[in-house]
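Visitor: Please take a close look at one buried spot in this structure, and go on from there to the helices.

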Amino acid sequence: MSVEETAPSGQAAGAAEHPTLRRVLSPLHIWALGVGIVLVGEFMGWNFAVEKGGMYGALVAGWVVGLLYTCIVMINSEITSAIPAAGGQYAQAKHTVGPLMAFNVGLYLTLAYTMLEAANANVLSYLLSTLSGLMGSSVTLSPYPFAVLAILALAFLNYRGVFATLTLNFVITGFAFITLLLLFIGLRGWNPTAQLDLAGLAGSPSNGLPYGWIGVIAAFQFGMWFYLGIEGTAQAAEECRSAPRSVPLGSMAGIMTLIIAASLTWFICAGLLPWHYLGSAITPLFDAARLSGSDTLVVLLLLGTLCATLASANGCINDASRAWFSMGRDRYLPEWFGAVHPRYHTPFRAIVFLVPVAISFAILPVLLDQPTLLSTVITFSILSGLLMYSFMGPNFFRFRKLWPIGSIKRAYTLPLHPAPAIALLILAALVFFATFLGYGAALLSMLLFYLLASIWFVVRRYKFVRRGAQFTADLPRPRGY
């Protein structure tokens with residue numbers, strides 16, 4: 001790739017010959033990307049923490065994991081504002097550690113988001129099939145055409161341009177969040193004696209902590225659903241009008257939104273649904289709305305659940321394609337993937353290539369009549385994300401060593417260093433342990449997969465990587481480069 005290919009749009013003389021990603025995004029778009037991917041976790045998935053740890057166990061898991069993600073967002077904001085490149089954490093690893101680590105981080109990102117996209121499409125197809133039944137349709141509709149059409153439609157939107165993609169995400173994510181607030185207002189949540197019943201929690205420890213503190217730790221894995229994906233805001237840094245401003249603002253606003261949403265979600269569901277039912281419910285917030293007795297709230301929460309699922313799948317396509325595109329641009333993968341569309345200024349080949357991958361994982365549980373495959377897909381997404389979080393702590397220490405305070409201008413500076421990075425490492429280790437308790441075989445299989453991928457990279461792809469072109473950030477080169 002030439003210098004013109006990595007230069008900002010309109011700044012290079014050869015921009016017409018070598019199209020680049022277009023800088024059009026604002027802090028609102030970064031908020032929409034981060035919260036849009038995650039908010040579906042408030043509508044479904046988090047509640048499996050109740051099955052593991054009880055009502056109070058799920059609440060503790062949500063808040064402790066919220067601390068983990070707050071550390072992630074703060075670390076991410078400082079490094080991304082200094083290295084504002086597509087690929088996010090992949091680009092950071094390329095600058096701070098080296099090619100092998102960068103390849104693995106890029107793979108973590110691509111698979112985590114692609115698997116999450118497939119899970120979202122699968123859940124969306126389930127919701128639409130259920131909706132057709134509620135509307136009195138006499139024909140039983142197969143769910144997997146909905147999954148395929150959803151992925152194709154969202155991929156086409158991403159193909160046409162990032163501004164329209166994330167503007168849509170802002171609208172539907174905002175609507176989904178508002179439906180959650182309206183449910184709280186409709187249930188008069190400030191007055192629990194009205195419709196919510198929290199007396200069971202206060203008077204029965206078996207509901208709150210049925211399995212003790214080991215149950216709380218086991219619940220950490222599903223507590224991640226309240227926040228999983230917020231770190232994807234770094235993927236859009238290269239397309240921001242001002243990344244040093246947009247990424248910290250959008251990310252910080254996003255994590256605050258999610259902590260509020262997580263707390264409200266737990267409060268509403270704990271007050272309306274028995275803990276045994278809540279621990280296995282598919283759509284807990286929608287079920288809570290049905291118990292409210294208000295048809296308006298039922299319709300709003302159904303639409304909110306659909307919008308949250310669409311927003312998550314939409315954001316996942318955006319993030320996975322940026323990671324894959326960046327690896328192609330740097331020759332970690334075939335350079336063919338590093339192309340930018342001459343008209344739409346999007347990584348169109350990466351977007352198109354990942355479509356059949358997502359579709360395959362979305363419809364396999366349906367085609368093979370193996371619902372457990374969906375949980376395997378979700379677990380692979382979670383574990384890939386955990387591996388990336390484990391990298392972010394040590395990477396921040398490396399970043400501060402290479403560019404100490406005062407050596408470069410920082411748009412955002414992480415406070416209380418090194419406490420957030422150490423907290424991130426400790427909490428990530430706890431979540432790994434929690435995941436091992438329930439999915440030990442999946443964890444070991446995933447580690448084997450990434451080991452084999454690393455061997456392939458060293459043997460087959462490393463020779464194509466141009467080491468002299470790895471350093472693309474507008475930073476002074478530290479000693480050793």
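Guide: A residue is called buried when its relative accessible area is under 20%, exposed when over 50%, and partly exposed in between, using a 1.4 Å probe and protein chains only. The model is predicted, so local features need pLDDT of at least 70 and side-chain atom pairs pLDDT 80 or more, while totals for chains, interfaces and linings use all residues. Residues are numbered from 1 along each chain as its sequence is written, and side-chain values use heavy atoms, leaving out hydrogens and water.

Asn120 is buried, at a relative accessible area of 5%. Asn120 lies in helix 6 (residues 99-134); helices are DSSP runs of H or I with at least four residues, numbered from the N terminus. Leaving aside residues up to four places away in sequence, Asn120 touches Val40, Thr309, Ser312, Ala313 and Cys316, where contact means heavy atoms within 4.5 Å.

Cys316 is itself buried, at 0% relative accessibility. Cys71 is buried too, at 4%. A disulfide is counted when two cysteine sulfur atoms are within 2.5 Å, and the count here is zero.

Cys71 falls within helix 4 (residues 48-82), which packs against helix 11 (residues 212-223) at about 70°, with axes 7 Å apart. Axes are lines fitted to C-alpha atoms over the stretch in contact, and angles run from 0 to 180 degrees between N-to-C directions. The two helices are therefore roughly perpendicular, a label for angles of 65 to 115 degrees. Among the residues making this contact are Phe48 and Gly57 of helix 4 and Trp213 and Phe220 of helix 11.

Methods: Parallel < 35°, antiparallel > 145°, perpendicular 65-115°, else oblique.
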